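Reader: I am a first-year student and would like a close look at one part of this model. Please take me through the largest pocket, and then what else belongs in the picture.

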Amino acid sequence: MQTALWQRVSYPAGSRIFSEGETGEVAYLVENGSVGITQERPDGSPVLLKTVQEGEIFGEIALVDHLPRTASASAIQDTVLIAISSQFFYSKLKNADPLLGHMLALVVSRFRQGNSSTSLNATTVHLAALHDYAVTHIKASQDLSEGIERQEFSVFFQPVVHLQDRTLAGFEALLRWNRPGKGLISPGEFIGLAETTGLILPLGRWMTEEALRVLQIFNSMSCPPGKTALFMSINLSARQLLEPGELDAMIAIVQNSGIPPAQIKFEITESMMMENMDEAIRAMHRLKETGVLLAIDDFGTGYSSLSYLERMPLDNLKIDRSFVIAMRSKDSGHRIASAIAAMAHGLGMDCIAEGIEDSNDERALKALGCKYGQGYLFGKPMAFEDALSYLQNQPQGC
Ligand code: C2E
Ligand code: CA
Ligand code: CA
C-alpha cells in the first residue's frame with residue numbers, strides 16, 4: 001500500500017503494477033514508458049485490453065470506489081509512473097462541491113454495473129459516503145436558498161470600543177439566520193455552505209446594503225462636534241473578492257450608500273484567500289482605492305506567508321479570539337499576542353482584539369497597545385433596536 005500523496009515509482013519492463021482482484025488505493029499517471037492492461041481468460045491466459053501511454057492515467061475506478069481491480073497492469077517497457085493516492089484524491093474531493101463527488105460516484109457505479117439505466121447503488125462505503133454527503137449538502141443548500149428568498153436573515157451589531165477610554169468606535173455587522181422552528185442560527189453554521197454554493201454573493205451584497213443603511217441611521221443621530229464618526233465593520237468572504245463582477249457590485253454599493261468610505265471597514269479572513277492570494281491582494285487594492293478601511297480578520301489562524309501581509313493595503317489587524325483565550329492561561333499565549341500586536345504596529349496598522357470577556361483581558365490587551373477592543377465585556381452582538389439604544393446610552397453621544 002502506498003501512503004505518500006504523490007509518489008514517483010519506476011517499474012522495469014515486464015513487472016506487475018497491480019493485479020486483478022486487488023484493492024485499488026492508487027491511480028497512476030504514466031510519466032514515461034507504457035503499460036499493458038490485461039484481463040485473464042477462464043483458462044488463465046491474459047488478454048491485452050489496452051496499452052496506456054505517456055500522459056495517460058489508469059487505475060482510477062478502483063481508486064474512487066475501493067472495489068477490487070477488474071484488470072491487471074504491467075509495465076511493457078521500463079516505465080516511470082506518478083502514483084495518485086486515494087488519500088490525496090479524497091482530500092481534494094472534500095473541498096469540492098459535493099455535487100461533483102455525487103456525479104463521480106454515479107458514473108463509477110454505472111461503469112461497474114455496465115448498465116447506464118440503473119440508478120445509483122452505492123455499493124462501497126466510499127461511494128455511499130459521497131452519496132450521503134451530496135444529498136445532505138443539496139438539501140441544506142436548498143434550505144439556505146429558500147431562507148434567503150424568504151428574507152429570514154437579519155444583521156446584528158456588536159460594539160467595538162477604543163480600549164484607551166472604552167468609548168464607542170464602531171460596530172461589527174454579523175449575520176443571523178432566523179429559521180422558523182429553529183430559532184436564531186449563528187453564521188458558523190451556514191457561512192461555509194453559503195461560500196461553497198456561491199449563495200454568499202447575494203447574501204453578502206444584501207448584508208452590506210443593510211449594514212450601511214443602519215450606519216446611515218446612526219450617522220443621522222446628532223454627534224458632538226469633534227467626535228469621530230463611527231465605523232461599520234463588514235465581513236467579506238474571499239469569494240466576494242475573487243468572483244468576476246462581484247467586487248464591482250460591492251464597490252457600487254459602497255459608492256451609492258452616500259456614506260463617507262472612511263467609515264466603512266471590510267474584514268477579510270486570511271485563510272480564505274490562500275487559494276488565490278495574488279488575485280485577492282489585487283482585489284483588496286481596488287477596494288481600498290474607494291477609500292474604505294480594510295482589516296485582516298482571525299489573524300494568526302491561517303498559514304499565509306508574512307510577505308503577503310506586507311503587500312496587503314491593511315489598516316487594521318484583528319487578533320483572533322483564540323489568542324485572547326490562550327493569553328488567560330499561558331505565558332506563551334501572552335507572548336504570541338504580544339508579538340502579533342508588535343507586528344501590526346510595525347507594519348503601521350492599528351490592532352483590534354476580539355473576544356474580550358473580562359477586565360483582565362481588557363487590561364492585558366490595552367497594555368499591548370491594542371487600539372480597539374471587541375467582546376462580551378463591552379456588548380454582545382445585538383439586533384438593530386438594541387444597538388440603537390446602546391448608542392443612545394453612550395455618555396458622549398454617537
Ligand atoms: P468573526 O468575524 O471572527 O466574528 C467574531 C465572532 O466572535 C462573532 O461570532 C461574535 O459573536 C463572536 N464574539 C465576539 N465577542 C465575543 C466574546 O467576547 N466571546 C465569545 N465567546 N464570542 C465573541 P458570530 O456572530 O457567530 O460570527 C461567526 C463568524 O461568522 C464571524 O467570525 C465571521 O467570520 C462570520 N460572519 C458573520 N457574519 C458574516 C457575513 O456577513 N459575511 C461573512 N462572509 N462572514 C460572516
Ligand atoms: Ca470579523
Ligand atoms: Ca475572529
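Author: In this predicted model, the largest pocket has a volume of about 940 Å³. Its lining counts 35 residues. Look for the centre first. Glu172, Leu174, Pro187, Asn235 and Asp297 are the lining residues that lie nearest to it.

Now see where the lining comes from. Strand 10 (168-179) gives the largest share, five residues. Other strands supply at least two residues each: strand 12 (231-236), strand 13 (264-269) and strand 14 (293-299). Helices do so as well. They are helix 5 (191-197), helix 6 (200-220) and helix 12 (321-329). The chemistry of this lining is mixed. It holds 11 nonpolar, 13 polar and 11 charged residues.

Next comes the second largest pocket. About 560 Å³ of space lies in it. It is lined by 16 residues, and Asn95, Glu195, Thr196, Arg239 and Glu275 are the closest to its centre. Two or more residues each come from helix 2 (86-95), helix 4 (125-149), helix 5 and helix 7 (238-242). Helix 5 is a name to remember: it gives at least two residues to the lining of the largest pocket and two or more to that of the second largest. Sorted by type, the second lining has six nonpolar, five polar and five charged residues.

Turn from empty space to packed side chains. The largest nonpolar core has 77 residues. Met232, Phe266, Met273, Ile319 and Leu365 touch the most other members. Helix 6 gives the most to this core, nine residues. Helix 6 also supplies at least two residues of the lining of the largest pocket.

Zoom in on Met232. Leaving out residues up to four places away in sequence, Met232 touches Phe157, Phe171, Ala173, Ala211, Val214, Leu215, Phe218, Gln263, Ile264 and Lys265.

There is a second, separate core. It has 16 residues, including Phe18, Val26, Val52 and Ala75.

One of these, Val26, leads on to strand 3, which spans residues 26-32. Strand 3 runs antiparallel to strand 8 (residues 79-85), and six bridges join the two. Here Asn32 stands opposite Val80 of strand 8. Strand 3 also pairs with strand 6 (residues 57-58). Those two run antiparallel as well, joined by two bridges. In that pairing, Tyr28 has Phe58 as its bridge partner.

Definitions and conventions. Residues numbered from 1 in each chain as written. Chains lettered and ligands numbered in written order. Predicted model: local features only at pLDDT ≥ 70, side-chain atom pairs only at ≥ 80, totals over all residues. Heavy atoms only, no water. Pairing = 2+ DSSP bridges. Helix = DSSP H or I, 4+ residues; strand = E, 2+ residues; numbered from the N terminus. 1 Å grid on protein atoms, 1.4 Å probe; cavity = no way out; pocket = protein on both sides within 12 Å on 5 of 7 lines; lining within 4 Å. Points joined across faces, edges and corners; volume = space filled by probe spheres on them. Nonpolar A, V, L, I, M, F, W, Y, C, P; charged D, E, K, R; others polar. Core = buried A, V, L, I, M, F, W, Y, C linked by side-chain atoms within 4.5 Å. Buried < 20%, exposed > 50% of the residue type's maximum accessible area, 1.4 Å probe, protein only. Contact = heavy atoms within 4.5 Å.
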